[in-house]
Amino acid sequence: MSIPQLQLVQEPVHGQCLCGKVKVKVAQMALKVGACHCQSCRTWTGGPLFTFDCGTEVKLDGACFISSFQSSDWAERGFCNNCGTHLFYRLKQNGQYFIPAGLLRLPEDPVFDHQIFIEQKPLWYCFANQTTELTGAEVFASFSSD
């Protein structure tokens, strides 16, 4: 089982942190939202992390306000060091950005279509949407086959 092919928005999408010191510009992105239920994402956000796959063409302005944290051997997380807004989850292997869903101003409504690390999702919440659900092992297998 793998995450379905994503349709891309070909126009730039913009966003900013709460204080406006960091601006984000995404060249193209999928209008499909995914949720990660891993312990790291839930610790970072206080719940599941909802993101868009934004590929590698992401421009961040306000570099002096961007801090990053190496959260694993394979990824880092970025945040505004002025207001604390979560800016990205980025894979080290290929520089692929996953941008938090609430950060971007979207040209149209996205679709919530997949959940990852589903085996780590607490029992106290669930979503009504029908989505593809992947375990952590399935996620790692899909990235190793790229």
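Which side chain is joined to that of His 37 by a polar contact of 2.6 Å? In this predicted model, the partner is the side chain of Tyr 125. His 37 itself sits in the loop between strand S5 (32-36) and H1. With a relative accessible area of 0%, His 37 falls under the 20% cut-off and is therefore buried. Leaving aside residues up to four places away in sequence, its contacts include Gln 115, Ile 116, Phe 117 and Ile 118, along with Lys 121 and Phe 127. Arg 42 is also one of the residues that His 37 touches.

That brings the description to Arg 42, a residue of helix H1 (residues 39-45). Arg 42 is buried yet forms no salt bridge, and the nearest side chain of opposite charge, that of Glu 119, is 9.4 Å away. Polar neighbours are nonetheless found for Arg 42: a polar atom of its side chain lies 2.7 Å from the backbone oxygen of His 37, and its side chain makes a polar contact of 3.1 Å with the side chain of Gln 39. Beyond four places in sequence, Arg 42 touches Gly 47, Pro 48, Gln 120, Pro 122 and Tyr 125 as well as His 37.

Turning to the nonpolar interior, the largest core comprises 22 residues, and Val 26, Met 29, Cys 54, Val 58, Ile 99 and Leu 104 have the most contacts inside it. Strands S3 (23-26), S5, S6 (49-55), S7 (58-61), S10 (86-91) and S11 (97-100) each give two or more residues to this core. A second, separate core of 8 residues has Cys 38, Cys 41, Leu 49 and Leu 134 among its members. In soluble globular proteins, nonpolar side chains tend to be buried together.

Terms used. Residues numbered from 1 in each chain as written. Predicted model: local features only at pLDDT ≥ 70, side-chain atom pairs only at ≥ 80, totals over all residues. Heavy atoms only, no water. Helix = DSSP H or I, 4+ residues; strand = E, 2+ residues; numbered from the N terminus. Buried < 20%, exposed > 50% of the residue type's maximum accessible area, 1.4 Å probe, protein only. Lys, Arg positive; Asp, Glu negative; His and termini not counted. Salt bridge = Lys/Arg side-chain N within 4 Å of Asp/Glu carboxyl O. Polar contact = N/O pair within 3.5 Å; in protein donor to acceptor, adjacent residues only side chain to side chain. Contact = heavy atoms within 4.5 Å. Core = buried A, V, L, I, M, F, W, Y, C linked by side-chain atoms within 4.5 Å.
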